[in-house]
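Reader: I am new to this structure and would like a close look at a single part of it, the enclosed spaces inside the model and the strands around them. Please take me through that part carefully.

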Amino acid sequence: LTVNNALSVTGTAVVLGVLTANGGITGPSGTLTVNNGLSVTGTAVVGGVLTANGGITGPSGTLTVNNALSVTGTAAVGGVLTANGGITGPSGTLTVNNALSVTGAAVMGGVLTANGAANVAGVLSANGGITGPSGMVWLVQR
């Protein structure tokens, strides 16, 4: 599924293949499940649960998930990643090039790389290590 303008999800959306949203994603109350790959160029706001079983790529956009973010593969977000419901990634890696903000718990099975500032209000667990090469500020409150 390729959407060149904008993708708006109110209910539940399940994409078995690759979802490419060149104009961003809005979903004030719905859930979005992508089983292959999720690519976002613009701004993505998901009000419900975002499950990306094939990873996430977003070279220039921002990603906001208000409920829960689950990533199985590799997630690379070029903009700001805001996960108000926490992050789970049992086997994947997460790279955020701008800023990472997590309100709940962040659990990554792979490597967490935050090139900007990282603000984690819950518990941060990265079993594969944490890297931040450009001088981050960590605020971890348990």
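Author: What follows begins with the cavities and then turns to the strands and to a few single residues.

This is a predicted model, and the count comes to two cavities of 30 Å³ or more. The second largest cavity, with about 40 Å³ of space, is a good place to start, and its lining consists of Val9, Ile25, Thr26, Gly27, Gly30, Thr31, Leu32 and Val46. Strand 5 (25-27) gives the largest share of this lining, three residues, while strand 5 and strand 6 each supply at least two residues. By type, the lining of the second largest cavity divides into four nonpolar residues, four polar ones and no charged ones.

Strand 6, which covers residues 31-34, pairs with strand 3 in the parallel sense, over four bridges. Thr31, one of the residues that line the second largest cavity, is the bridge partner of Thr12. In strand 3 (residues 12-15), Thr12 belongs with Val14 to the uncovered face, whereas Ala13 and Val15 make up the covered face.

The largest cavity holds about 50 Å³ of space, and it is lined by Val40, Ala44, Ile56, Gly58, Gly61, Thr62, Leu63 and Val77. Here the division is five nonpolar residues, three polar residues and, once more, no charged residues. Val40, which is named in this lining, also leads to another pair of strands, since strand 7 spans residues 37-40 and is joined to strand 4 (residues 18-21) by four bridges, the two running parallel. Within this pair, Leu19 stands opposite Leu38 of strand 7.

Strands 4 and 7 are members of an open sheet of eight strands, paired in parallel and following the order 1-4-7-10-13-16-19-22. At its edges are strand 1 (2-3) and strand 22 (130-131), each of which pairs on one side only. Strands of a sheet pair through backbone hydrogen bonds, whether parallel or antiparallel.

Further along this sheet, Thr113 lies in strand 19 (residues 112-114). Thr113 counts as buried because its relative accessible area of 14% is under 20%. Its side chain makes a polar contact, at 2.7 Å, with the side chain of Thr131, and residue 131 falls within the edge strand 22.

Ala121, by contrast, sits in the loop between strand 20 (117-120) and strand 21 (124-126), and at 33% relative accessibility Ala121 is partly exposed. Ala121 and Ala105 are 16 residues apart in sequence, and their C-alpha atoms are 7.6 Å apart in space.

Key
Residues numbered from 1 in each chain as written. Predicted model: local features only at pLDDT ≥ 70, side-chain atom pairs only at ≥ 80, totals over all residues. Heavy atoms only, no water. Pairing = 2+ DSSP bridges. Buried < 20%, exposed > 50% of the residue type's maximum accessible area, 1.4 Å probe, protein only. Polar contact = N/O pair within 3.5 Å; in protein donor to acceptor, adjacent residues only side chain to side chain. 1 Å grid on protein atoms, 1.4 Å probe; cavity = no way out; pocket = protein on both sides within 12 Å on 5 of 7 lines; lining within 4 Å. Points joined across faces, edges and corners; volume = space filled by probe spheres on them. Nonpolar A, V, L, I, M, F, W, Y, C, P; charged D, E, K, R; others polar.
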